[in-house]
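Trainee: Could you take me through one part of this model closely? I would like to see how a single helix sits among its surroundings.

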Amino acid sequence: MIKVAIIGAENAGKSTLMNALIGGKISEVENLPGTTKGVIRRRFGTLKIPKSMKNPLGGADEFVLIDTAGLFDPQRELRGKVLSEDKFRRILDEITSADVIIHMVDATVGLHRGMEKLHHMLKFRYGKPIIVVINKIDLVPQERVEEIRKIIKKRLEQEAIPLSLVTYEGFNELIERLAYYAQYAD
């Protein structure tokens, strides 16, 4: 079993991504902060693989996707936590038990400092493989996407995948990256 946690600031598109990966409506999606209140966990046999792609997941017999509540308010850099300390801790426990983490950054907002700190903790303290996704690229000019990619490369030391869950640009690359990390999860 491979456990994948989707994290990000409020309204980054975490629930929309979960629904796209599963191929159905599991998580409630609204253009309002705080729609997901805690953790939504969904077991499934395989991801929805695009018809143009051979299933890259091979031996993974079961996946668990975890959609988390937005951990920070993207409009407030300082003290931007939106959850109680207890709820934040429970979600963090769920995240740290994941095999792979998808860190979503909203292209209309950019990288939140609180998410940057959480990213570093997950990567360095817990040794978690993290896939960084810049979502909502269909809503901003290409120059803005490149600017965010450079910031992520510098501050998180990772290449980010530009993604649109409207046009599905970048979706195959995300599946391939997820499959790559899933091979080594155990």
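Mentor: Happily; we will start with the whole chain, look closely at helix α4, and then follow the chain onward from there.

Some ground rules come before the details. This is a predicted model, so to speak of local features we need a pLDDT of at least 70, side-chain atom pairs count only at pLDDT 80 or more, and totals for chains, interfaces and linings use all residues. Residues are numbered from 1 along each chain as its sequence is written, and side-chain values use heavy atoms, with hydrogens and water left out.

The protein chain has five helices and six strands. Here helices (H or I, at least four residues) and strands (E, at least two) are DSSP runs, numbered from the N terminus. Read from the N terminus, the order of elements is β-α-β-β-α-β-α-β-α-β-α. Of the 186 residues in the protein chain, 52% are buried; buried means under 20% relative accessible area, exposed over 50%, and partly exposed in between (1.4 Å probe, protein chains only).

How far can we trust the picture? The predictor's confidence in each residue is the pLDDT, from 0 to 100. Its mean over the protein chain is 79, and 73% of the residues reach 70 or more. Confidence is highest in β6, at 98, and lowest in strand β2 (residues 39–44), at a mean of 50. Over residues 27–39 the pLDDT is below 50, although this stretch has 34 contacts in the model beyond near neighbours in sequence; a contact means heavy atoms within 4.5 Å. Where pLDDT is low, the predicted coordinates should not be read in detail.

Now for α4 itself. This helix covers residues 142–156, and its 15 residues should span 21 Å at 1.5 Å a residue; the end C-alpha atoms are 20 Å apart, which agrees. The expected span is 1.5 Å times one less than the number of residues. Which residues of α4 are buried? They are Val-145, Ile-148, Ile-152 and Leu-156. Looking down the axis of α4, you would find its buried residues within an arc of 65°, so they line one face of the helix. That arc is taken from the directions from the helix axis to the C-beta atoms. On the face turned away from the buried side of α4 are the exposed residues Glu-143, Lys-150 and Lys-154. The cover over the buried residues of α4 includes β4 (100–106), α3 (113–125), β5 (130–135) and β6 (160–162).

Next, let us place the helix in its wider setting. The largest nonpolar core has 31 residues, and Ile-152 is one of those with the most contacts inside it, a group that also includes Leu-71, Ile-95, Ile-101 and Leu-118. Such a core is a set of buried Ala, Val, Leu, Ile, Met, Phe, Trp, Tyr and Cys residues joined through side-chain atoms within 4.5 Å. The elements that give two or more residues to this core include α4, together with β1 (2–8), β3 (63–68) and α2. Apart from this core lies another, of 24 residues, among them Ala-12, Leu-17, Leu-21 and Leu-163. In soluble globular proteins, nonpolar side chains tend to be buried together.

Follow the chain past the end of the helix and you come to Glu-157, in the loop between α4 and β6. Glu-157 has a positive phi of about 55° although it is not a glycine. Most residues other than glycine have a negative phi. Glu-157 is exposed, with a relative accessible area of 55%.

After β6 there is another loop, leading to α5 (171–184), and Tyr-168 is found there. Tyr-168 also has a positive phi, of about 65°, and is not a glycine. With 40% relative accessibility, Tyr-168 is partly exposed, whereas Phe-171 is buried, at 4%.

Finally, consider the aromatic rings. Rings of Phe, Tyr and Trp (its six-membered ring) pair if their centres lie within 6.5 Å; planes under 30 degrees apart count as stacked, over 60 as edge-to-face and the rest as tilted. By this rule there are two aromatic pairs. In one, the rings of Tyr-168 and Phe-171 have centres 5.1 Å apart and planes at 80°, so the pair is edge-to-face. The rings of Tyr-180 and Tyr-181 have centres 5.3 Å apart and planes at 70°, so this pair is edge-to-face.
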